[in-house]
Structures are given as C-alpha cells and as structure tokens.
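Reader: I'd like to talk through a model with you, mostly how its parts pack together. Could you put it up first?

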Amino acid sequence: MKIKDVVKSIKKSTGAETLAESSYAEVKDFLDTLVAEGGASVNTVASYENDLRQMIDFLGDDFNNITPTDIQRFIAELQKNGYEKSSVSRKISAMKDFFK
C-alpha cells in the first residue's frame, strides 16, 4: 500500500474529511514532505496525521491565528485527558514540524 493510500484511508476513518479543505491540504502537503524528504514510516505518517487532526479539532483550522497560549491549552487538555507523556511529546513534535 502506498503512503498516499494510507493517508486517504486515515482521512476517511478519522473524520478528517470534515476539515476545511485548505487546512487538510496543508496537512497533506506536510505529510507528503515527511515521506519524500525523511522517508517517514507509515506509522509515523498515520500518527502525525492523527496528532494534527486532534490539534485542528481543538484549536480550529485558522493556522495564522494560533498562538503559543492556544498550544499550551491544547497540551494541558491532552494531559488532563490522561495522554501518556510519550504521546504528548509526539504531538508536540508533530506540531513543531508542521509549523516550521
């Protein structure tokens, strides 16, 4: 299975199709870059897609207006909901890489 097929499958199974098309296009471009430049594994791509979907669900899809305080609120919410430190760290990595 090709990475783009995995991403399509993830998009359908996670409800990502409800995101604004431009937002998902930015995430898709990012995921494609991960694969092309870094040779990211299918699992990494799937995890990062999920992490970024959660971020968008919580913060909205207007990336130009997301502030450090918004990110801190998102992280606090993850911790409050019992996410493991490793999962929170991966989500932070996904966001850092995405917003580079």
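Reader: Let's start with packing: how are helix 3 and helix 5 oriented to each other?

Author: Bearing in mind that this is a predicted model, helix 3 and helix 5 are roughly perpendicular to each other. Their axes come within 9 Å and cross at roughly 85 degrees, a value that falls in the 65 to 115 range that counts as roughly perpendicular.

Reader: Which residues in helix 3 and helix 5 meet there?

Author: From helix 3, which covers residues 42–59, the residues are Ser-47, Tyr-48, Asn-50, Asp-51, Leu-52, Gln-54 and Met-55. They meet Arg-90, Lys-91, Ser-93, Ala-94, Met-95, Asp-97 and Phe-98 in helix 5.

Reader: And how do the residues of that contact divide into nonpolar, polar and charged?

Author: The contact of helix 3 with helix 5 has 6 nonpolar, 4 polar and 4 charged residues.

Reader: Let me step back for a moment. How many helices and strands does the protein chain have?

Author: The protein chain has 5 helices and 0 strands, which gives the pattern α-α-α-α-α when read along the sequence.

Reader: What share of the residues is buried, and what does the protein chain expose?

Author: Of the 100 residues in the protein chain, 36% are buried. The exposed area comes to about 6,100 Å², and carbon and sulfur atoms supply 49% of that area.

Reader: What about sequence separation: among contacts between residues at least 6 apart, what percentage join residues at least 24 apart?

Author: Within that set of contacts in the protein chain, 57% join residues that are at least 24 apart in sequence.

Reader: Back to the helices, then. How do helix 4 and helix 5 run relative to each other?

Author: Helix 4, residues 68–80, and helix 5, residues 85–98, have axes that come within 10 Å and cross at roughly 155 degrees. The two helices are therefore roughly antiparallel to each other, given that angles over 145 degrees count that way. The crossing in which helix 4 passes helix 5 is right-handed.

Reader: Which residues meet between helix 4 and helix 5, and how do they divide by type?

Author: On the helix 4 side there are Ile-71, Phe-74, Ile-75, Leu-78 and Gln-79, and these meet Val-88, Lys-91, Ile-92 and Met-95 in helix 5. By type, the residues of this contact are 7 nonpolar, 1 polar and 1 charged.

Reader: And what is the angle where helix 3 and helix 4 cross?

Author: The axes of helix 3 and helix 4 cross at roughly 110 degrees and come within 10 Å. That makes helix 3 roughly perpendicular to helix 4, and helix 3 passes helix 4 in a right-handed crossing. The residues making the contact are Asp-51, Gln-54, Met-55, Phe-58 and Leu-59 of helix 3, together with Asp-70, Ile-71, Arg-73, Phe-74 and Glu-77 of helix 4. They divide into 5 nonpolar, 1 polar and 4 charged.

Reader: Met-95 caught my eye. Is it buried or exposed?

Author: Met-95, which lies in helix 5, counts as buried because its relative accessibility is 4%, and the cut-off for buried is under 20%.

Reader: Which residues is Met-95 in contact with, leaving aside its neighbours within four places in sequence?

Author: Met-95 is in contact with Leu-52, Met-55, Ile-71, Phe-74 and Ile-75 once those neighbours are left aside. Its C-alpha atom is separated from that of Met-55 by 8.2 Å, although the two residues are 40 apart along the chain.

Reader: Changing topic, where is Tyr-24, and is Tyr-24 buried or exposed?

Author: Tyr-24 is in helix 2, residues 21–38, and Tyr-24 is buried, with a relative accessible area of 4%. Between Tyr-24 and Glu-49 the C-alpha to C-alpha distance is 9.6 Å, with 25 residues separating them in sequence.

Reader: Last one: what is the relative accessible area of Thr-44?

Author: Thr-44, in helix 3, has a relative accessible area of 31% and is therefore partly exposed. Thr-44 and Leu-34 are 9.0 Å apart in space, C-alpha to C-alpha, and 10 residues apart in sequence.

Notes: Residues numbered from 1 in each chain as written. Predicted model: local features only at pLDDT ≥ 70, side-chain atom pairs only at ≥ 80, totals over all residues. Heavy atoms only, no water. Axes fitted to C-alpha atoms, helices over the stretch in contact; angles between N-to-C directions. Helix = DSSP H or I, 4+ residues; strand = E, 2+ residues; numbered from the N terminus. Parallel < 35°, antiparallel > 145°, perpendicular 65-115°, else oblique. Left-handed = near helix turned anticlockwise from the far one by under 90°. Contact = heavy atoms within 4.5 Å. Nonpolar A, V, L, I, M, F, W, Y, C, P; charged D, E, K, R; others polar. Buried < 20%, exposed > 50% of the residue type's maximum accessible area, 1.4 Å probe, protein only. Areas by Shrake-Rupley, 256 points an atom, 1.4 Å probe, with all protein chains shown as cover.
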